[in-house]
Amino acid sequence: MIRSVAPYSSEPVELVVDTVAVLPADSVWIDLVFPTNEEEAFIEAAIGFSVPTRDEMAEIEPSSTLYTSGDAIYLTANIVTGADAGEPESCPITFVLTPSHLITVRYCDPKPFRAFIAHAARQHDLCPDPPLTLIHLLDAIVDRLADMLQDVGAEMDAISKATFRRSKTSGDRITNNALTVLLTRIGKSQDVVSKARDSAVSLARLLSFLSFALKNDADDPREHIKSLSRDVTSLTDHATYLGGNVTFLLDAALGLINIEQNAIIKIFSVAAVIFMPPTLVASIYGMNFEHMPELKWLYGYPYAVGVMILSAILPYTFFKRQGWL
């Protein structure tokens, strides 16, 4: 799909590639969403610059994702998508900045793009020319990344509270189901944090290269780029901090699991020790020797049962006083 956004337009124009298709003359931003080969060829013929393929966008070398070709600047960054649905994914998106157009190539639909298109329809000064359109779009992406990390921070605070500040009515022990849910929440938080940090690092490289590659003109946007770079650096540091918190919470959760396992093993160990003396008494009086003093004793049976009960109570009382139960 091809969307064309022009200054002071209320809605983006969706182009259908056919024999009579023409790119609007006033278009500033051309958004290629899941483009076909025909759509890529149409845009390349219309703007006079090549459009990277999906395989080229997936390259990880900086020389393959950040470069200039003629008057065009090619920028590729990893953007997080699907975090709201609980299935975050890292999607490479390419920005091609030419003297007359901004072309975005993407095979996903991140929330910042949808929000920016809606805002551009109401606030017409967001897309006055290609460089400022790119900067405003990157600003929306950075804002969304900050909101994402803020949500993860709130989720981690909730996880920490559920782990370490359980109410007295809930008891000291945590159930297996609660531990499973806890580990799942920690895993989801780690997934978002890792992808958000990767996105912040790639955006930092993109902004650094963009500031270097832009030509000087009257409306030099480098100050805005520097501000965005500072924001991205702060987000990278915050993502690193959240990553450390996730590691701590994971270690704490694993420690709780070990405590629960040790408690179970301790119960079985204490039970074994408690029942060992009664078992010994029962074994002694279960022997089939002919000459045993208590065999014909009138009170032999209650005596043996009493000794067994007493031998079980004494270890239990001792363990209880020691605080082992």
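1. R106 is buried, with a relative accessible area of 0%, where buried means under 20% relative accessible area, exposed means over 50%, and partly exposed falls in between (1.4 Å probe, protein chains only). This residue belongs to strand β7, which covers residues 102-106; strands here are DSSP runs of E with at least two residues, helices are runs of H or I with at least four, and both are numbered from the N terminus. Not counting residues up to four places away in sequence, R106 touches R3, D31, L32, V33, F34, P35, M57, I93, F113 and I117, a contact being heavy atoms within 4.5 Å.

2. The model is predicted, so local features need pLDDT of at least 70 and side-chain atom pairs count only at pLDDT 80 or more, while totals for chains, interfaces and linings use all residues. Residues are numbered from 1 along each chain as its sequence is written, and side-chain values use heavy atoms, with hydrogens and water left out.

3. What does the side chain of R106 reach with a polar atom? The backbone oxygen of C108 lies 3.0 Å from a polar atom of that side chain; a polar contact is a pair of N or O atoms within 3.5 Å, and within protein one must be able to donate a hydrogen and the other to accept it, with residues adjacent in sequence counting only if both atoms are side-chain atoms. Two C-alpha separations help to place R106: V33, 73 residues apart from R106 along the chain, is separated from it by 5.3 Å, and I93, 13 residues apart in sequence, is 4.9 Å apart in space.

4. I93, found in strand β6, also counts as buried, at 0% relative accessibility. Beyond four places in sequence, the residues that I93 touches include M57, L75, T76, A77, I79, V105, R106 and F113. F34, another of the residues touched by R106, sits in the loop between β3 (29-33) and α1 (37-47), is partly exposed with a relative accessible area of 45%, and has a positive phi of about 50 degrees although it is not a glycine.

5. The largest nonpolar core has 57 residues, of which L75, F95, L138 and L203 touch the most other members; such a core is a set of buried Ala, Val, Leu, Ile, Met, Phe, Trp, Tyr and Cys residues joined through side-chain atoms within 4.5 Å. At least two residues of this core come from each of β5, β6 (89-97), α4 (111-122), α5, α6 (176-213) and α7 (222-285). L203 is in contact with A77, I79, L138, I141, V142, L145 and V232, leaving aside its neighbours within four places in sequence. A second, separate core of 16 residues includes L32, I47, V51 and Y107.

6. I43 lies in helix α1 and counts as buried at 0% relative accessibility. Setting aside residues up to four places away in sequence, I43 touches I2, L23, I30, L32, G48 and V51. By contrast with these contacts, I43 and E61 are 18 residues apart in sequence and 25 Å apart in space, C-alpha to C-alpha.

7. Is H101, in the loop between β6 and β7, buried or exposed? At 10% relative accessibility H101 counts as buried, and a polar contact of 2.9 Å joins its side chain to that of S100. Outside its neighbours within four places in sequence, H101 is in contact with L23, S27, V28, I30, I47, V96 and P130.

8. Helix α5 (residues 130-164) has 35 residues and reaches 51 Å from its first C-alpha to its last, close to the 51 Å expected at 1.5 Å a residue, the expected span being 1.5 Å times one less than the number of residues. At the start of α5, a side-chain oxygen of D129 reaches to within 2.9 Å of the backbone nitrogen of L132.

9. Taken overall, the secondary structure comes to 8 helices and 7 strands. The radius of gyration is 34 Å, well over the 20 Å that the globule rule gives for 325 residues, so the protein is more spread out than a compact globule; this radius is taken over C-alpha atoms, and the rule is 2.2 Å times the number of residues to the power 0.38. Along the principal axes, the C-alpha atoms fill a box of roughly 115 × 40 × 35 Å, and buried residues make up 39% of the 325 residues.
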